[in-house]
Amino acid sequence: MFVIVGWLICLGCVFGVFIAHGGNISVVLHALPFELITIGGATIGAFVANNQMKVIKKTMAGLGACFKGSKYTKDRYMELLALMFDILQKARKEGLMAIEKDVEEPEQSEIFKKYATVGSDHHVVEFITDYLRMMVSGNLNAHEIESLMDSEIETHHHEEHAAVAAIQRIAGGLPAFGIVAAVLGVVNTMGSVGQPPAVLGGMIGSALVGTFLGILLAYAFAEPLAGLLEQKVEEGSKEFQCIKTTLLASMQGYNPSTAIEFGRKVLYSTERPSFSELEAHVKKK
C-alpha cells in the first residue's frame, strides 16, 4: 500500500509541476509507449541475461512481497517465543529424549500444531528442529552449534540478498538504457533534418523523454523497491537470530523463561513484545 502511495506522490509532483510550469504533457504522452518499450525491453533482457533462474524466481517473489505487509509482527514473535518455551519446558521436565518425536515429526507434534502461524512456516520449523536434533544427540557443544547457526543464517542472508542485488543492478542500468533510447531518438531526428522546426522540436523532445524515463524509473521505482526488499530480508534474518539466541541460552543452562527472554532481547524494538506481554501470552498458551 505504501509503495503505491509513494509512487503516486512522486508521479504527481513530477508531472504536476511540469504541467503547472506550462509544459506540454502531450509530447511526453506521445513518446511514452515507445520509450517504455525500448527501456523496459532492454532492462528485462539484461535482467534475464545477468541472473540465474533461481535468482530470477526469488526476485519475482521478492517483488510480490514488497506489496504486502510484513509478516514479522509482534504477535508472530510472541507465538514463536511461546513455541520455544513449550518445547524447552518439555525437554527440561521430561528430558531431551522426550522431544525426539516432536523434532523428527513436527507436522504430527501437538506443540507445533498449537502454534499454527509459526508451525506452518517450513523454514522456521526446519531451523528449530535441526538444532534441537543436535541438542538431543549431544554430539556437539554450544560453541559448535553456534558456529553452525551463524553459517546457516549467513547463507540464508546471502541467498535472500541475491534478489536485492539484482534489483539494484536494474536500478543502476535504467539511466543508461534511458540514454540509449534518447540516442536512438536523436538518430531518428537527424534523419529528418528536412522537416520544419516545429516537427524537429517535437522529435527532439520525444528523444529526451527516454533519458527522463530512465532516471525516473531508476530512482523512483527500482531503487526504492530494492531498499524495501532489503529491509524485509533483514527482518527474516532477525527471526532466525531470535531462535538461535534462545536455543543457545537453553544449552548454557538457563531455564526456559530466561532463555526466551534472551531471544526477546534480540528483536527490533518496534516488534519486540514487552516482558509482561510475553509472560501473559505464554501463560495463556
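This is a short walk through two helix contacts, one glycine and a few aromatic rings in a predicted model.

**Stop one: α4 and α12.** Select residues 74–94 for helix α4 and 275–284 for helix α12; their axes come within 9 Å and cross at roughly 55°. That angle makes α4 oblique to α12, and the crossing is right-handed. Now show side chains. From α4, pick Lys74, Met78, Glu79, Leu81, Ala82 and Phe85, which meet Glu277, Leu278, His281 and Val282 of α12. Colour this contact by residue class and you get six nonpolar, one polar and three charged.

**Stop two: α2 and α9.** Next, select 25–50 (helix α2) and 142–190 (helix α9), whose axes come within 9 Å and cross at roughly 140°. Is that antiparallel or oblique? Angles over 145 degrees would count as roughly antiparallel, so α2 is oblique to α9. The crossing of α2 with α9 is right-handed. On the α2 side, light up Glu35, Thr38, Ile39, Ala42, Thr43, Ala46, Phe47 and Asn50. Their partners on α9 are Ala166, Arg169, Ile170, Leu174, Phe177, Gly178, Ala181 and Leu184. By class, the α2 contact with α9 has 10 nonpolar, four polar and two charged residues.

**Stop three: glycine 263.** Centre the view on glycine 263 in helix α11, residues 256–265. Buried or exposed? Its relative accessibility is 0%, so glycine 263 counts as buried. Leaving out residues up to four places away in sequence, glycine 263 touches Leu81, Cys242, Thr245 and Thr246. You have met Leu81 already, in the α4 contact with α12. For a distance check, draw a line between the C-alpha atoms of glycine 263 and glutamate 107: they are 24 Å apart, with these positions 156 residues apart along the chain.

**Stop four: the rings.** Across the whole structure there are seven aromatic pairs. Take phenylalanine 127 and phenylalanine 240, a tilted pair at 4.9 Å centre to centre with 55° between the planes. Phenylalanine 127 sits in helix α8 (122–137) and phenylalanine 240 in helix α10 (197–251), so to speak a link between distant parts of the chain, 113 residues apart. Both phenylalanine 127 and phenylalanine 240 are buried.

Then jump to tyrosine 254 and phenylalanine 262, with ring centres 4.8 Å apart and planes at 40°, so this pair is tilted too. Tyrosine 254 is partly exposed at 37% relative accessible area, and phenylalanine 262 is partly exposed at 32%.

For a last selection, try Trp7, Phe67 and Phe221, which form one aromatic cluster.

Key: Residues are numbered from 1 along each chain as its sequence is written. This is a predicted model: local features need pLDDT of at least 70, side-chain atom pairs count only at pLDDT 80 or more; totals for chains, interfaces and linings use all residues. Side-chain values use heavy atoms; hydrogens and water are left out. Axes are lines fitted to C-alpha atoms, for helices over the stretch in contact, and angles run from 0 to 180 degrees between N-to-C directions. Helices (H or I, at least four residues) and strands (E, at least two) are DSSP runs, numbered from the N terminus. Angles under 35 degrees count as roughly parallel, over 145 as roughly antiparallel, 65 to 115 as roughly perpendicular and the rest as oblique. A crossing is left-handed if the near helix is turned anticlockwise from the far one by less than a right angle, and right-handed if clockwise. Contact means heavy atoms within 4.5 Å. Ala, Val, Leu, Ile, Met, Phe, Trp, Tyr, Cys and Pro count as nonpolar, Asp, Glu, Lys and Arg as charged, and the others, Gly among them, as polar. Buried means under 20% relative accessible area, exposed over 50%, partly exposed in between (1.4 Å probe, protein chains only). Rings of Phe, Tyr and Trp (its six-membered ring) pair if their centres lie within 6.5 Å; planes under 30 degrees apart count as stacked, over 60 as edge-to-face and the rest as tilted.
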